[in-house]
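Trainee: I should be grateful for a close look at a single part of this protein. Please choose one helix, explain how its residues are placed, and then set it against the rest of the chain.

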Amino acid sequence: MLLGVNYGNELVTCQLLLGNFFVTIEERLKEERVRLGLNQPDFAALAGRTKKTLIDYEKGSTSPDAKFLAAIAAAGADVQYILTGIRSSAALTPDEQALLAGYRALDARGKAGVFGMIGGLTQSPDSVGQQFNAPVGQVAQGDIVNKKLKLDQRGK
């Protein structure tokens, strides 16, 4: 979405990003096909289309119709993402579904542990910090430093 703003005597054009709109529908269609691990002939066959038709969709020469989109959605493609650039929470891989089901079965303490683990695996050491607002015991906030930890550089 483009937004025009007057700044002094100049009209400044800004791009407002809502979802992944800088990537085209064609690119997102291909991205979903790759995410599902399918080649062009197999992906096209899900909806009874040919490889050439899918290539035309992915190049933007033609646009997929509702029947095609419904068929690939049934196979796990995130059609909301393809059309809007915003991921649907309904389009989860089997691994993601299993993780979500397991997470939902946890109590507050277990969920806090999962967030701590994810935070530890995905953040740089300089930016690790978590706060959990649930009755899970002690709450640690801010930088946590173990000053007694010493590494033996000699491999002993």
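Mentor: The account below takes up helix α4 and then turns to its surroundings.

The model is a predicted one, and what follows is to be read on that footing. Along the sequence, the protein chain follows the pattern β-β-α-α-α-α-α-α-α, which comes to 7 helices and 2 strands. Helix α4 covers residues 66-74.

Three residues of α4 are buried, namely Phe-68, Leu-69 and Ile-72. Because these three cover an arc of only 95° around the axis, they lie on the same side of α4. On the other side of the helix, Ala-66, Lys-67 and Ala-74 are exposed. The cut-offs behind these two words are under 20% relative accessible area for buried and over 50% for exposed.

What, then, covers the buried residues of α4? The cover includes four other helices: α1 (25-35), α2 (40-46), α3 (51-59) and α5 (79-84). Just after α4, Gly-76 takes a positive phi of about 110°.

One of the covering helices, α1, also contains Glu-27. Glu-27 counts as partly exposed because its relative accessibility is 43%, a value that falls between the cut-offs of 20% and 50%. Tyr-57 stands 30 residues from Glu-27 along the chain, and the C-alpha atoms of the two are separated by 9.4 Å.

The largest pocket involves another pair of helices. Both α6 (94-104) and α7 (108-122) supply at least two residues of its lining. The lining consists of Glu-96, Leu-99, Leu-100, Tyr-103, Val-114, Phe-115, Met-117 and Ile-118. By class, these residues divide into 7 nonpolar, no polar and 1 charged. The volume of this pocket is about 210 Å³.

Some figures for the whole protein chain complete the setting. Buried residues make up 17% of its 156 residues, and Phe-68, Leu-69 and Ile-72 of α4 are among the buried ones. The chain exposes about 11700 Å², of which carbon and sulfur atoms supply 56%. Among contacts between residues at least 6 apart in sequence, 40% join residues at least 24 apart.

To return to the helix itself, α4 has Phe-68, Leu-69 and Ile-72 buried, with Ala-66, Lys-67 and Ala-74 exposed on the other side.

Key: Residues numbered from 1 in each chain as written. Predicted model: local features only at pLDDT ≥ 70, side-chain atom pairs only at ≥ 80, totals over all residues. Heavy atoms only, no water. 1 Å grid on protein atoms, 1.4 Å probe; cavity = no way out; pocket = protein on both sides within 12 Å on 5 of 7 lines; lining within 4 Å. Points joined across faces, edges and corners; volume = space filled by probe spheres on them. Nonpolar A, V, L, I, M, F, W, Y, C, P; charged D, E, K, R; others polar. Buried < 20%, exposed > 50% of the residue type's maximum accessible area, 1.4 Å probe, protein only. Arc of directions from axis to C-beta. Contact = heavy atoms within 4.5 Å. Areas by Shrake-Rupley, 256 points an atom, 1.4 Å probe, with all protein chains shown as cover.
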